[in-house]
Every structure is written in structure tokens, then in C-alpha cells.
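Visitor: I should be grateful for a close look at the backbone of this chain, in particular at any place where its geometry departs from the usual. Please set what you find in the context of the whole chain.

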Amino acid sequence: MPRGPFGRYIEVPDKKYRSAVETICGSMLTAFAVNSDSDRTHFQKIKSEFSQIPRFAVITSKFQKQVYNVSAGKTNGGNVAHVLMDIINVKDPVVMNTLIDQLRIETVLICDNQNTAIELTQDEQYVPCLLYTSPSPRDRG
């Protein structure tokens with residue numbers, strides 16, 4: 001069965017972070033996940049029968065029964081910031097894995113105030129490196 005919309009699966013126990021989570025997750029809150037291309041085709045066919053449904057993302061990814069082990073790449077917020085992955089509760093591993101794949105929620109820090117964010121990003125060792133950069137049109141040849 002497809003999973004979604006993702007917003008249905010995400011809980012934010014601490015109310016003060018709900019707005020930040022909504023902002024960061026954005027359109028992923030209305031996204032769905034399917035297990036294969038054939039599931040995507042079938043899901044799109046069903047979706048097209050209901051024209052009043054607004055546009056939303058459909059992500060195709062092999063479903064896993066447990067959440068990825070991201071301990072090696074997880075950001076450490078220490079005592080001054082919280083990792084997005086740790087402030088949300090997601091009971092479905094498919095949804096959590098998709099959020100990890102699509103938004104890298106294990107690397108996103110949320111600070112309680114702007115001064116903390118400024119302090120964290122002033123020291124280069126705390127700023128995450130960009131792992132992938134899409135080549136610009138002029139770099140493609």
C-alpha cells in the first residue's frame with residue numbers, strides 16, 4: 001500500500017518546533033511513497049480519477065521494514081541545537097526513510113534562537129559540507 005500523505009505520519013511532540021518542521025518538510029507533508037514503478041502507475045491512475053485532489057509528489061523507493069542506520073552521518077547538535085530527526089516521531093519506517101533520503105533530516109539542526117544559529121555557523125567545523133552538487137549547464141559540456 002502507498003504511504004501518505006506524509007504529514008499524517010509525522011508527530012512533533014514539542015509544539016515550539018511544529019512551525020519549523022512544517023517549513024523544513026514543506027511539500028513532503030503532502031507526498032506519498034510507493035514501492036515500485038508498477039505501484040506508481042497504478043497509484044497515478046487512481047489519482048487521475050479524482051480530479052479535485054491537488055498536486056502532490058509521489059516518490060518511488062523500495063520499502064524497508066526498519067529505519068536506516070544513519071549514526072555515521074548524523075549531525076550532532078550538542079546542547080544548543082536539535083537534530084530534526086530527533087524532534088519528530090514517525091512510526092512508519094518507510095516514511096522516515098523517505099524523509100532521510102529526500103530531506104537528509106539526520107543532518108538538519110533546529111536552534112531555539114537566531115543567535116545560536118549564527119554562533120554555530122560561524123565556526124566552519126560545524127557547517128555541514130555539501131555532499132553533492134548538480135553540475136551547472138555550462139559544466140556539462
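Guide: The answer below begins with the chain as a whole and then turns to its parts. The model is a predicted one. The protein chain contains 5 helices and 6 strands, and along the sequence these follow the pattern β-α-β-α-β-β-α-β-α-β-α. Of its 141 residues, 30% are buried. The chain exposes about 9800 Å², of which carbon and sulfur atoms supply 50%. Among contacts between residues at least 6 apart in sequence, 72% join residues at least 24 apart.

As to backbone geometry, most residues other than glycine have a negative phi, and most peptide bonds are trans. Against that background, two places deserve attention. The peptide bond from Gly4 to Pro5 is cis, its omega being near -10 degrees. Pro5 belongs to the segment that precedes strand E1 (10-11). The second place is Arg104, a residue other than glycine whose phi is positive, near 50 degrees. Arg104 is found in the loop that connects helix H4 (93-103) with strand E6 (109-111). With a relative accessible area of 31%, Arg104 counts as partly exposed, because this value falls between the limits of 20% for buried and 50% for exposed.

Helix H2 (residues 37-48) offers a regular stretch for reference. At 1.5 Å a residue, its 12 residues should span 16 Å, and the end C-alpha atoms are 16 Å apart, so expectation and model agree. Of the 12 residues of H2, 1 is buried, and therefore this helix lies largely in the open.

Terms used. Residues numbered from 1 in each chain as written. Predicted model: local features only at pLDDT ≥ 70, side-chain atom pairs only at ≥ 80, totals over all residues. Heavy atoms only, no water. Helix = DSSP H or I, 4+ residues; strand = E, 2+ residues; numbered from the N terminus. Buried < 20%, exposed > 50% of the residue type's maximum accessible area, 1.4 Å probe, protein only. Expected span 1.5 Å × (residues − 1). Contact = heavy atoms within 4.5 Å. Areas by Shrake-Rupley, 256 points an atom, 1.4 Å probe, with all protein chains shown as cover.
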